[in-house]
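Trainee: I should like to learn how to read the main features of a model of this kind. May we go through them in order, beginning with the overall form?

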Amino acid sequence: MTTEASAQVPLVGKFRGMGVVPMFGLLLVALVLAWIVINFVKELEASTNVLFIGITQGAIYALVALGYTLVYGILELINFAHGDVFMLGGMISATFATSVFGLESGASGADWLLVVLTLLITMLLCGTINASIELIAYRPLRGAPRLAPLITAIGMSFILQDIALAWKGPNFISVPDILPKGRIFHIGGVVYQWNKLIVVLITVPVLIGLVYLVQNTRQGKAMRATAQDMDAAAMMGINVNRTISFTFLIAGSLAGAAGLLYALYVTNVRYDQGFQLGLIAFTAAVLGGIGNLPGAVLGALLIGLIQAFNEGFKWHAPGSDWTQSIVFSILILILVFRPEGLLGERTPEGA
Amino acid sequence: MAWAKTAERTDAVRTSIRDQRNRFRALPQRTRWAIWLAVELVAVIVISVIDTSLGVAAVAILTVLWVPKIADLRLRAAVEVALVVFLYIAAQSWTDLIVDPQHTAWMVAAIGLGLTWVPPAWRRIAVPAVVGALAIGYPYYVDDLFTIPLLGPFPDVRTGVVMLVYIMMAIGLNIVVGYAGLLDLGYVAFYAMGAYTVAWFASLQFAGETASGAAKRTVHFGAVGIDPKLGGFHISIWLLLVLAGIVTALAGVIIGLPTLRLRGDYLAIVTLGFGEILPQVARNGDNFLGTGRNLTNGPNGITPIDAPGFGTHLHDWTGGVLPANYLTVTHADRIFFWTALLLVGITIFCSWRLRDSRLGRAWIAIREDETAAAAMGVPLMRTKTWAYATGAFFGGVAGAYYASFKSATFPGDFFFNISVFILCMVILGGMGNIWGVILGASFLAYLDQAGLANTGSWLNNNLNVNIDVPLYEFGIFGVILLVVMLFRPEGLIPSARRAAEFHEGVSDEPLYDQTH
């Protein structure tokens, strides 16, 4: 459709070749776009604020979605426990920030070092947890029917939730409000605050580093080879088990970083938050094209925006009660209309 | 890298465990049995120190397991009779040792051991017949049954109905997961649809209100025990059970058609999404998509829902055998129980006949190797969709019956957890095996309803701890899923075919798993 040849075909002819299903999909996208535009026109300032919230949320989703995409790319396994590793990341960082480092709301200059230290500890611990999950629950099942590791993944997810439940109890744990709330700019009613920018500022270098790791390093090469063909990679002298462990380590540390950011941004964590958010992040990964790193970020930003629009817009927005339904409907719609995702490539298997 | 060392060491431990197990299996039978007996003896002594009645139960269970191994038939018969007599005497006289005075353990042992004497050719009929008879008579003797050590008393009839509903759902899910090998993580959605179908068409939900306060809609068809002037839809529950099944089966087709062409794990995630959407629709349906329409009454749920019944006409015609209205009978629980039992029976029969049909064999072919099945001419899409629709049908009927039984339906009943709960039943019992699934479903449903709380209080009393065990129910289910998949992926009662698949694996031995 976007090839040069089709650009010369008159508009009507361009659509005639399409099936009913893609046409319906395009219509849907057009309606959503129209809704967004109308909202922006009606209330520009409020809508722009909503847009900023969406970008921040998208950045957090992106970190989690990257973990899903990395693991799926290499093992073709939906790691259901990933969202719960993210939740544990929030718990761990909350514990370290308050109990160990004694941080309180409104941190000053020197405290930032401690926040960074917390981030590093959380990433390390979550990476180790995720790699251990692979070692315990997925590694013995390689070569088993595909159903088997999926089922252990769900089991692992529930186990992690209950570990957090036993550790922190069933209530929300409050996290000190460390991120600065100062305004970066303030134009009319549009306000952009530091806490929103910091989340984005952490996500971007992580993504760049990750892409560099996968594209340019030896380890990344091993990861790509393992993802393509495990047996062939093993014959080329790649330690497949170690590569997979490394992938889970990276994915887990990303989830840990996301957990910290989420905990600091939302300022509370609970044992059952991970599963829901994990599903939303997985939707983002599918939307962008699973196995594709920039795709995961793009998908996460889109999902973050859609969620923020749905919850923040004034004109005909279904509201936060329906966020989940909307996100999962998107998931189903993508799988129907474009299973390879926005940036993914169509494979013979159809997804 | 320290991590790599740890990982390699774990792999080495795994290999050595496997070697040890193989070496143990290679020992002569006598030595193996001697080792087993020694281990069991130690276990029994340890258990008896903690709780005497638990120790007695352990001895009884182990004896029942060991006795059929005796080769000499006369000796075996003698030991079995002695065991039953011993249990009988123990029940009569050792009331101080065995905590519970009302004992029927000897009867259970007698029936169980008796069944081992049935020739294998007849066992396929005898076992279901005995189990069925015991189930039908259950309401009559449940009060006289002994207390299961650790788990508490046998479930009462009301709990029994809930367990039967779960069994029905587990058998339905087994068609999708066990036969066709498709992972459905949103089964609860079908359950919810069934429940809401009944809730809509057998309650006051759509009565509406005119300016004068009278009901706007009054549609009655075969409902029993309802004032004919009462507003809303009131359709006979029997029709609604079928309708709910059909509606959910159609929903299954609608969900399945676009997604079944994708690979299995995508289906899992789509069904999961679907299973998350529906409860949310139910929860927020009192203001559907912000339009102000009240579809589901939101978190308050829809209640009351009409009870099933056969009407006075059929009641009189059968001479009072069929109850006119389930709520007005003396033992309403029993009637609900038997009806549920009948529904489960129908489900078992359908599931069993379907498995051996052309369609069922196609399901199993797809499960074992999709590409090969397609090459042999099995239409993938149609076959998978049928599996999906059939599974959905039973889920819908189960939900519909449950709603009518509880006379209410709430969005809180349909969390994602329930889907995993039912999946856990199927996996624990044995994917693809009806008997295994029934066993897994009864055990876990009982655990959920009463057993876990009892076990928790037992633990807290005897081990001097303070753990709220039911709080960790789903963590326990998670452990069950993990342990079963890792150590016995074919479940407690495996279907031979499924077990072979899991142990041979579907692909060749992977190269990269070799240990150096």
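Mentor: This is a predicted model. For overall form, one compares the radius of gyration with the value for a compact globule: for 351 residues that value would be near 20 Å, and chain A has 21 Å, which agrees. Along the principal axes, the C-alpha atoms of chain A fill a box of roughly 65 × 60 × 35 Å.

Trainee: What share of the residues in chain A is buried?

Mentor: Of the 351 residues in chain A, 48% are buried. One may then turn to contacts along the sequence: among those in chain A with a separation of 6 or more, 75% join residues 24 or more positions apart. The secondary structure of chain A consists of 14 helices and four strands.

Trainee: Which domains does the assignment give for chain A, and how many residues of each are in contact?

Mentor: The assignment gives domain 1, residues 1-42, and domain 2, residues 48-337. Eight residues of domain 1 of chain A are in contact with five residues of domain 2 of chain A. On the domain 1 side, the touching residues comprise five nonpolar, two polar and one charged. The C-alpha centres of domain 1 and domain 2 of chain A are 32 Å apart.

Trainee: How should the interface between the chains be read, and which helix of chain B supplies the largest share of its side?

Mentor: One begins with the residue counts: 51 residues of chain B are in contact with 51 residues of chain A. Several helices of chain B each supply at least two residues to this side, including helix 1 (2-26), helix 9 (237-259) and helix 18 (473-487). The largest share, 13 residues, comes from helix 10 of chain B. By class, the chain B side that touches chain A has 31 nonpolar, 12 polar and eight charged residues.

Trainee: Where in chain A is there a positive phi at a residue that is not a glycine?

Mentor: A:Glu76 has a positive phi of about 55°. A:Glu76 is in the loop between helix 4 (44-75) and helix 5 (82-100) of chain A. Because 15 other C-beta atoms lie within 10 Å, A:Glu76 is partly exposed. In chain B, Ser407 has a positive phi of about 60° and is not a glycine. B:Ser407 lies in the loop between helix 15 (380-406) and helix 16 of chain B, and B:Ser407 counts as partly exposed because there are 16 C-beta neighbours inside 10 Å.

Trainee: Is the peptide bond from B:Thr303 to B:Pro304 cis or trans?

Mentor: One reads omega: the bond from B:Thr303 to B:Pro304 is cis, with omega near -5°. B:Pro304 is placed in the loop between helix 10 and helix 11 (311-317) of chain B.

Definitions and conventions: Residues are numbered from 1 along each chain as its sequence is written. Chains are lettered from A and ligands numbered from 1 in the order in which they are written. This is a predicted model: local features need pLDDT of at least 70, side-chain atom pairs count only at pLDDT 80 or more; totals for chains, interfaces and linings use all residues. Domain bounds come from an automatic or database domain assignment. Two residues are in contact if their C-beta atoms, placed from the backbone, lie within 7 Å. Ala, Val, Leu, Ile, Met, Phe, Trp, Tyr, Cys and Pro count as nonpolar, Asp, Glu, Lys and Arg as charged, and the others, Gly among them, as polar. The radius of gyration is taken over C-alpha atoms; the globule rule is 2.2 Å times the number of residues to the power 0.38. A residue is buried if 20 or more other C-beta atoms lie within 10 Å of its own, exposed if 12 or fewer, and partly exposed in between; C-beta atoms are placed from the backbone.
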